[in-house]
There are 2 protein chains.
Amino acid sequence: MRCGERLLVRPRMMWRVLALLLVGVVFTTQAAAADPLPSWHDSPARTAILEFVERTTTPGSPDFLEPAARIAVFDNDGTLWPETPLPFQAQFVLDELERLQGDHPEWKENPAITAALAGDVASVLRSGPGQGAMLLEATHAGMTVDDFQSRVRRWLDTARHPDHGRPYSDLAYQPMLEVLDLLRDHGFTPFIVSGGGADFMRVWAEEVYGIPPSQVIGSYGKVRYELRNDRPLLIKEGGIELIDDREGKPVGIHRFIGRRPVACFGNSDGDQAMLEWTTIEHEPSFGLIVHHTDAVRESAYDSDPKGTGKLVTALEAAPRRGWVVVDMARDWKVVFKPLEGAPQR
Amino acid sequence: MRCGERLLVRPRMMWRVLALLLVGVVFTTQAAAADPLPSWHDSPARTAILEFVERTTTPGSPDFLEPAARIAVFDNDGTLWPETPLPFQAQFVLDELERLQGDHPEWKENPAITAALAGDVASVLRSGPGQGAMLLEATHAGMTVDDFQSRVRRWLDTARHPDHGRPYSDLAYQPMLEVLDLLRDHGFTPFIVSGGGADFMRVWAEEVYGIPPSQVIGSYGKVRYELRNDRPLLIKEGGIELIDDREGKPVGIHRFIGRRPVACFGNSDGDQAMLEWTTIEHEPSFGLIVHHTDAVRESAYDSDPKGTGKLVTALEAAPRRGWVVVDMARDWKVVFKPLEGAPQR
């Protein structure tokens, strides 16, 4: 072939072609050698994550999964960001009650709201549909979806976490952000499956985790569509349509995703049902529990009944189910996304 | 630059480089020239679709949309496939009642089921929560999601459309399949937003339309998670949690997608609310109504009260709202996906 002959007899041209090829090889090798989980200590959990991704995405592997099947679900509070001293949405409820109480003298007669304002917001929310619903009704209903989401955004812009002094949206766990990136880089689609409110999470999940609204599954209440003065509106009416927690999580996964995930990340008994749904009699699959063991950098809780994300039965089941347990203190080099110029902790 | 100099003084090498570039240009031009909507006659509707895609996806266009905003919603029955003589899911209900009635002597006492078996399934289903729910209860509940979806698959494999003699899953509208491909080729994400059952549609939507389960929004009932004999199960309990029709469509869109679509395709008054939600005070946006005008090849109905997808108020509103109306008889060269070896109609 004449073109090849010409190239072969021109060493300088040939060298340039080889150099270009070499650059390609070097770049590829560098990319392969870069540690995809730099905030993780070398640990069984880290190895298990990498090994699962490799065996499910390497062509020819007996456990290879088509990209459509690579669905990963993540709890949010306590798994992707903290839930202490209060779940962040409970803090939002409290801050909104304080901000708005001047306009609502009738709230003084409301036992749930007075208890929350007296500092008991978390236990009122946990108390169930009756009193908890009153707090949500006061702060999450009777407005358009747009108005509600503007309130969440204003809160994120102004509120600071009491222990860490940073905006709440700045407190994602760096090691988990790396897991999200690793999975996306290997063709997985991550979904959040959280007991938190969908309308609340969708305000910030894309900027904090890179997860778009349609991949954020959470609890939700009734919403009504209305054409008012020829303007289309969606109005939050309150009430609860799905509590996306415990047995509600596999239900939410089915309703929104429509197929079983192959990887599930949680931190509490509230995630046990979705860990089961992901992993039992379903191979290949992967379950992981973030165990909060780090009272110095973040918090330590499991069976402590004051712990928001109480972890008892899921931790007991983990060895039998093959779920990986992350020891936050031992396995994570850093907990939070580093701030520019600040020391990592 | 030495490399450039060497190339410039070697005409034959230069020619080869130019030839390669030329091939690239020719391929690109061929791709651009290929008609993306070959089953559409040159018509205002066809032009409007192409023009919307071009102005929202061409970098630098004042109407350019980021890919994340390129969300398109499609009604299913009557928009992507027929709904005559019965909506296909109503036919499934009837066929299941007939198949299973031998095992259910108690159905003889059920007025809804006896009316349906006497040939009135569509009006019983339309009659509302009471009697319609009895039919759904008998055919869509009391089994696992897996069992239900196996029944749908068996039905698709065996049932044939009474007018067209083809499997129901063979009756997608070819012009609409081309619209789906055109949108996907330009970075849009299509969602189905249908009054039909989500569990029913998710069985076949991926193979028929290329739309994965997580992008199929439909009506749904209660589902319960249970760990039975250490096996995780999702059980369809019946009841209706969301009727994804009329005002329920913007609610479903909000619940599942979490942002407003920019393009909406429907065929009946049941789609009017989502057409409004997509287009009013929301630019750039696009609304389209498939008007069934083709009694020869498919069916003709609008204000006919027997028509399943009754189209009155949405058709009246179309000019004022700027919604494009497709005249099926005039605008579509073919209606159905061609069968190999069969003449197109």
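The expected span of a helix is 1.5 Å times one less than its number of residues. That rule is put to work below on one helix of this predicted model. The briefing also covers how chains A and B are related, and what sits in the largest nonpolar core.

**Helix H8 of chain B**
- Helix H8 of chain B runs over residues 174-185 and has twelve residues, so it should span 16 Å. Its end C-alpha atoms are 16 Å apart, which agrees.
- B:Pro175, B:Met176, B:Val179 and B:Leu183 are the buried residues named in H8(B). They cover an arc of only 95 degrees around the axis, which puts them on the same side of H8(B).
- An α-helix has 3.6 residues a turn, so residues three or four places apart point the same way.
- The cover over the buried residues of H8(B) includes helix H3 (44-57), strand E1 (71-74) and strand E3 (189-197) of chain B.
- After H8(B) comes B:Gly187, with a positive phi near 80 degrees.

**Two chains, one axis**
- A turn of 180 degrees, with a shift of 0.0 Å along the axis, lays chain B on chain A with an RMSD of 0.0 Å. The two copies are thus related as by a two-fold rotation axis.
- B:Phe256 comes closest to that axis among the residues of chain B, at 3.3 Å (C-alpha).
- The copies meet through the same surface, because 100% of the interface residues of chain B are also interface residues in chain A.

**The largest nonpolar core**
- This core has 162 residues, and A:Leu135 and B:Leu135 touch the most other members. It draws at least three residues from each of domain 2 (42-82 + 169-221 + 246-331) and domain 3 (88-157) of chain A.
- Beyond its neighbours within four places in sequence, A:Leu135 contacts residues including A:Val93, A:Ala112 and A:Leu125.

Terms used: Residues numbered from 1 in each chain as written. Chains lettered and ligands numbered in written order. Predicted model: local features only at pLDDT ≥ 70, side-chain atom pairs only at ≥ 80, totals over all residues. Least-squares fit on C-alpha atoms with pLDDT ≥ 70 in both. Contact = placed C-beta atoms within 7 Å. Core = buried A, V, L, I, M, F, W, Y, C linked by C-beta atoms within 7 Å. Buried ≥ 20, exposed ≤ 12 C-beta atoms within 10 Å, placed from the backbone. Domains from an automatic or database assignment. Helix = DSSP H or I, 4+ residues; strand = E, 2+ residues; numbered from the N terminus. Arc of directions from axis to C-beta.
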